[in-house]
Amino acid sequence: MKLFIADSYPARHLERFQQLGCTVTYDPAVKADELPARIAGHKVLIVRSKQVTRQTLEAGDGLALVLRAGAGVNTIDVKTASARGIFVTNCPGKNSVAVAELVFALLLGLDRRIADSTAALRAHRWNKKEFSKADGLFGKTLGVVGVGSIGREVISRARAFGLNVIAWSRSLTPAAAAELGVGYYAEVDEIFRHADIVSLHLALKPETRRLVNATRLALMRPNAILINTSRGEVVDQSALQAALAAKKIRAGLDVFDPEPAEATAEFADPILDLPNLYGTPHIGASTDQAQEAIAEEAFHIVETFVKTGEALNCVNLARHTPAKWQLVVRHYDRVGVLAFVLDVIRRANINVEEVRNIVFDGAAAASCRIQLNAEPGPEVLRTLSEGSRDIIGLEAIQLGH
């Protein structure tokens, strides 16, 4: 199996892929627009931040798996991958601690203006009068928007700083909030209205794109802080720039909209010129600890795929197929049984949506569940039961979604 790794990757894990029997093409410097010309013949593509476009997916004649060595998959054309039967997988939760740590680095750095004071010291200027000005965090209210694995790590660290935590997510319930020890709000607007600090931890989806807009920014308290380590597109950056320019709020950003696709590039967005913005170049997951954990998970995904064909953490499988019926076939575990069953289904012009065959202990018998887009009528069932001595039993079940 040929792997193409298109971003930086720990050296020892490259060796592990080779020990697994894979042929590895390792080129972290390859540009996204060069991948279509390079991907042919590779079965697995591993990326961190590199864009995986429709052109790359279409050029990958043998491509079967795209693995994002991280959590979000917004840099991958998942729609095209799904249309071409390519698994898209990720490594969720493995960088949660690293991102949560950066949240507090940005928060403390912004409140204490650490980067500015360091720059002054490096210029041999001592300005204690200016840099003694800070609000402090103790007793402030932190609003966490999104309580997945990263949001929960932020919540646990907030307690050590004496912060009062309130939270919102689409899935959060009052009971779950009480279990986390945070205040519950049913509407995201209330977080912006009541928090001194708002930290964003949302996946990029159609419903979260520009969730933080001019209206919600206007709800924030004077001199409040917005932290975004999720995705730049979650925030309307022009609205944020206007709010910062008016000196209404402060912001700490690890992500921008837009931001360079490559690891090194010129970046001259005007928002960077505002003194009440502190930023980092999308490095939330970039600690040795996080990268080691992600690399370990990525290896586990590839190893499982090589040995079993199963794609762990797959994000683009249908939650509900068009299947309306399920045919359960109990049969002896012998050559040709399922080929006969599938041929009968084909001749009845019924489409197979999913198949799962489970073999019982001793490998004498098995049970196969076949999901179909139409009812296998009495004629199909009769043809199956009379056509093979190796079929033990049949059952057609109508599915309800």
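**Close-up 1. Val-44 and its partner across the strand 3–strand 4 pairing.** Start with Val-44: its bridge partner in strand 4 is Leu-65. Keep in mind throughout that this is a predicted model. Strand 3 (residues 44-47) and strand 4 (residues 65-68) run parallel, and four bridges join them.

**Close-up 2. The parallel sheet that holds strands 3 and 4.** Zoom out a little and you find five strands in an open sheet with parallel pairing, in the order 2-1-3-4-5. Strand 2 (23-26) and strand 5 (87-90) are the edge strands, each pairing on one side only. On average, neighbouring strands here are turned by 20° against each other, if you ignore direction. Two helices come into view on these strands. Helix 1 lies across strand 1 (2-5), strand 2 and strand 3, and it runs at about 150° to strand 2. Helix 13 lies across strand 1, strand 3, strand 4 and strand 5, running at about 165° to strand 4.

**Close-up 3. Helix 1 against helix 13.** Here are those two helices again, now looked at for how they meet each other. The axes of helix 1 (residues 11-19) and helix 13 (residues 288-308) are 10 Å apart, and the packing angle is about 10°. Angles under 35 degrees count as roughly parallel, so helix 1 is roughly parallel to helix 13. On the helix 1 side, look for Arg-12, His-13, Arg-16 and Phe-17; they meet Glu-292, Ala-295, Glu-296, Phe-299 and Val-302 of helix 13. Sorted by class, this contact has four nonpolar, one polar and four charged residues.

**Close-up 4. The antiparallel sheet and its strand 14–strand 15 pairing.** Now move along to another open sheet, this one with four strands in the order 14-15-13-16 and antiparallel pairing. Its edges are strand 14 (352-359) and strand 16 (391-398), and each pairs on one side only. From one strand to the next, the twist averages 15°. Seven bridges link strand 14 and strand 15 (residues 365-372) in the antiparallel sense. For a handy landmark, find Val-355, which stands opposite Ile-370 in strand 15. Helix 14 packs on this sheet and touches strand 13 (325-332), strand 14, strand 15 and strand 16, with its direction at about 150° to that of strand 13. Helix 15 packs on the sheet too, touching strand 13 and strand 16, and its direction makes about 165° with that of strand 16.

**Close-up 5. Helix 14 against helix 15.** Next, the two helices from the previous view, seen as a pair. Helix 14 (residues 337-347) and helix 15 (residues 378-387) pack at about 155°, their axes 10 Å apart. Angles over 145 degrees count as roughly antiparallel, so helix 14 is roughly antiparallel to helix 15. Their crossing is right-handed. Phe-340, Val-341 and Val-344 are the helix 14 residues to look for, and they meet Val-380, Thr-383, Leu-384 and Gly-387 in helix 15. This contact splits into five nonpolar and two polar residues, with no charged ones.

**Close-up 6. Pro-258 in its loop.** To finish, go to the loop between strand 11 (249-253) and strand 12 (277-279), where you'll find Pro-258. Exposed means over 50% relative accessible area; Pro-258 comes in at 57%, so it is exposed. Leaving aside residues up to four places away in sequence, Pro-258 touches Phe-267 and Asp-269. Leu-200 sits 58 residues away along the chain, and the C-alpha atoms of Pro-258 and Leu-200 are separated by 17 Å.

Key. Residues are numbered from 1 along each chain as its sequence is written. This is a predicted model: local features need pLDDT of at least 70, side-chain atom pairs count only at pLDDT 80 or more; totals for chains, interfaces and linings use all residues. Side-chain values use heavy atoms; hydrogens and water are left out. Buried means under 20% relative accessible area, exposed over 50%, partly exposed in between (1.4 Å probe, protein chains only). Contact means heavy atoms within 4.5 Å. Axes are lines fitted to C-alpha atoms, for helices over the stretch in contact, and angles run from 0 to 180 degrees between N-to-C directions. Angles under 35 degrees count as roughly parallel, over 145 as roughly antiparallel, 65 to 115 as roughly perpendicular and the rest as oblique. Ala, Val, Leu, Ile, Met, Phe, Trp, Tyr, Cys and Pro count as nonpolar, Asp, Glu, Lys and Arg as charged, and the others, Gly among them, as polar. Two strands pair if DSSP finds at least two bridges between them. A crossing is left-handed if the near helix is turned anticlockwise from the far one by less than a right angle, and right-handed if clockwise.
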